[in-house]
Amino acid sequence: MVTIKELPKEEYLLKGHAACAGCGPSISLRLLFKALGNKVFLVVPACCTTVIQGTYPYTSFNVPLQNILFESTAAAASGIVAALNQRNLEDVTVVGWAGDGGTVDIGIQALSGAAERETNFIYICYDNEAYGNTGMQRSGATPYGAWTTTTPSGKRERKKDMPLIMAAHRIPYVATACPSYPIDFINKLRKAKEIKGTKYIHVLAPCPTGWRYDTSKTVEMGRLAVQTGLWALFEIEYGKFKLNSPSDRLVDKTKRKYVKEYFSLQGRFRNLTEEDIERVQRWVDEDWENYRKLSSNSVSDLASCMKI
Amino acid sequence: MTQTIIDTANHIAGYAAKAAKVKVVAAYPITPQTTVVEKIADFVESGEMQAEYIRVESEHSAMVACIGAAAAGVRTFTATSAHGLALMHEALHWASGSRLPIVMTVSNRAMGAPWSIWPDFSDSLSQRDTGWLQFYCADNQEVFDTVIQAYKLCESEQVFLPAMVCLEGFILSHTYMPVKIPDQEKIDDFLPPYKGGWILDTNNPLSHSNLVTPEWYMEFRYMIQEAMEKAKQLIPQIDREYEELFGFEHGGLVEKYKCDDADLILLTMGTMGSEAKIAVDNLRREGQKVGSARVRVFRPFPVEEIWKLAENAQMFATIDRHISFGMEGFLATEIKASIFNRKDRPLIAGFLAGLGGRDVTFETIGKIAKKSLKWMRDGKVEKETEWVNLRG
């Protein structure tokens, strides 16, 4: 377990990148590189990172980056991994880095295929809960009630539970993270690097541009997502579910902040009614009941555990 | 030692991938392609082929996995047909735009709806503008030889583009023919180990295929066009070099048969070219000066060769196993465009035949030739596009 003082001084996300001010995904990228170093092949589909890296002939990343089609991050990674195997290059970590639209919607097929084939790579979904690069349209990861440009009065459906979908693939490692908890994220990345097979990390990455909050509040917004229980930090290692700090202290409902605290700070939730907020609070409480059961269960196969 | 085997064109494509020492194969089943990758699966599992076969969940992923593998520095292969190729469409652009020398066999099949599993060129010709080189084969030997030649060509630093090697479904894909497979050492001499134009490298952290502004995009397109022109020069050279080593050549860009003194030239692609030769012989016996030109390479299009053919011929008849709806057969369009600026140019009649696998025999082609000869003598093409053997 790394501490903040032990973090590498090297920066692989360089100055001059083109992210918005207060961009949660770019903070996550910086942490990703700090955790894994530069022996990384990064695969990036169409997403905000297409812009963040900068335009030809420049790049703001100090790692080699393969840009690839929107729905095909995991397929490109599969090809790269196979080539590295053939070349006996074992010291390079292949990382797929895709947004929520590119993961839970258009890219889910390629990701599911790669996971089922036990492709040896780390897939990270950086989730800002909408199609950010195209100007905030609704995705399958957009939460209930959130304004987007294609849900002007707020989305009426719930967020897709991608981490548990990935867990159902019985891959060796699934985790959630948030850049507001950098040490947790880095530890998870380093753990994932050492595990052979498909590793999936879902990062809630707050986006001031789309979520409509002040650019100085990104870290705070991520913390509130975790403190309200709307986003739980957990990992599922070889089927074993474990809540991580500080989420592990939030199983008791009274320890969690009321979801309204999170909603009231973001313009995208402006249209939520009291009834909506109550409904979401109920869902959060149900989710946590499920997390409690998952945490207390010692079965090694999460897929059977989830049937409880 | 050269080995003679009797097998289907699909299996032969698998033998060719093995002989080319492909390292990564990513493919998805579709009729009539499937037996290509079944053969490769056997080769990989038996250890005869030192490669990784990625059993992807779609053709789109097959092409993207090939892109990833080529970017990471190995020789790649895939195969598909019809809807699988159509599903790859976006990734085909990405492969050529990334300048990755991927080789793919296409067992040609007609596009639905309605469903058809039988051959025509509507699948591969719909991918005309994706920046891929396109070869069309007339027999199983040509399939083997062209796959090997395609790697040599695509991996040339003057080219660095992907290629599809097309073979008509069932007519070739499932038809047994004798094929000579040259000695592996000789193939290795002809085709050195893979070397791409670039590679993902942690010591050289570049961003590949990132956003390009209007200031630069056109130059990237121009370079692809330049590479296509270079390929046009290299294809006949490589075909000749191959012939010197292995004894087979396939006509370079255009396989010409009795064209030198021909009044009428029949222009075809694929197996129709073999039937056309028989038709030519029959017509020659009747005293008709007819020749056959099988367009073996559709991209880059052999404009100069067509121009040369136009020097002496009075009449061209194109036979297309495909239609661009609202216009005509692609071959007809390309032939017309190729010679438009000639002062003296032959008349051109376009025929559509064999769509969805309907048989095109030498007899069919003989009828096409006779109609064309009549129009030639009349000095007038009566119908711009004629559908052959269409139900009334």
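Two residues are in contact here if their C-beta atoms, placed from the backbone, lie within 7 Å. With that in mind, open this predicted model and begin where the two chains meet.

**Stop 1: the contact between the chains**

Select chains A and B together and display the residues that touch across the boundary, which number 37 from chain A and 38 from chain B. On the chain A side, the elements that give two or more residues are α2 (48-52), β2 (65-67), α3 (73-86) and α5 (108-116), and α3(A) supplies the largest share, with 11 residues. If you colour this side of chain A by class, you should find 18 nonpolar, 15 polar and four charged residues.

Next, select β2(A) together with strand β9 of chain B, residues 207-208, and show the backbone, where the two strands pair in the parallel sense over two bridges. For a fixed point in this pairing, centre on A:L65, which stands opposite B:S207 in β9(B).

**Stop 2: A:K39 and its surroundings**

Move to A:K39, in the loop between α1 (24-36) and β1 (40-44) of chain A. Is this residue buried, exposed or partly exposed? A:K39 is partly exposed, because 13 other C-beta atoms lie within 10 Å, a count that falls between the limit of 12 or fewer for exposed and that of 20 or more for buried. Leaving aside residues up to four places away in sequence, A:K39 touches A:D91, A:V92 and A:T93, and also B:T202 in the other chain. A distance drawn from A:K39 to A:V92, C-alpha to C-alpha, should read 5.1 Å, although the two are 53 residues apart in sequence.

**Stop 3: the two domains of chain B**

Now hide chain A and colour chain B by its two domains, domain 1 (3-246) and domain 2 (254-387), whose centres, taken over C-alpha atoms, are separated by 28 Å. The contact between them takes 27 residues from domain 1 and 19 residues from domain 2. On the domain 1 side, two or more residues come from each of α5, β6 (133-136), β7 (163-168) and α8 (214-246) of chain B, with α8(B) giving the most, five residues. By class, this side of domain 1 has 18 nonpolar, three polar and six charged residues.

**Stop 4: the open sheet of chain B**

Stay with chain B and select the six strands that form an open sheet of mixed pairing, in the order β10-β12-β11-β14-β15-β16. β10 (254-257) and β16 (385-387) stand at the edges, and each has a single partner strand, so one side of each is left without a neighbour in the sheet. Neighbouring strands are turned by 20° against each other on average, direction ignored. Within the sheet, β14(B) and β15(B) pair in the parallel sense over six bridges, and B:F316 has B:I348 in β15(B) as its bridge partner.

Add two helices to the view. Helix α11(B) lies across β11, β12, β14 and β15 of chain B, at about 150° to β14(B), while helix α12 of chain B, residues 362-378, lies across β11, β12, β14 and β15 as well, running at about 145° to β14(B). In α11(B), residues 330-339, the side chains to show are those of the buried residues B:F330, B:L331, B:A332, B:E334, B:I335 and B:S338. The elements they pack against include β12 (290-295), α10 (303-309) and β14 (315-320) of chain B.

**Stop 5: the largest nonpolar core**

Which residues touch the most other members of the largest nonpolar core? Select A:I80, B:I67 and B:L266, which hold that place among its 221 residues. This core draws at least three residues from each of domain 1 and domain 2 of chain B. Centre on B:L266, whose contacts beyond four places in sequence include B:A276, B:V290, B:A317, B:I319 and B:I365.

**Stop 6: backbone details**

Finish with single residues in loops. In chain A, a cis peptide bond joins A:Y56 and A:P57, with omega at about 0°, and A:P57 is in the loop between α2 and β2. In chain B, the peptide bond from B:A113 to B:P114 is cis, with omega near -5°, and B:P114 belongs to the loop between β5 (103-108) and α5.

Lastly, select A:E129, a residue other than glycine with a positive phi near 65°. A:E129 counts as buried because 27 C-beta neighbours lie inside 10 Å.

How values were computed
Residues numbered from 1 in each chain as written. Chains lettered and ligands numbered in written order. Predicted model: local features only at pLDDT ≥ 70, side-chain atom pairs only at ≥ 80, totals over all residues. Helix = DSSP H or I, 4+ residues; strand = E, 2+ residues; numbered from the N terminus. Core = buried A, V, L, I, M, F, W, Y, C linked by C-beta atoms within 7 Å. Domains from an automatic or database assignment. Nonpolar A, V, L, I, M, F, W, Y, C, P; charged D, E, K, R; others polar. Pairing = 2+ DSSP bridges. Axes fitted to C-alpha atoms, helices over the stretch in contact; angles between N-to-C directions.
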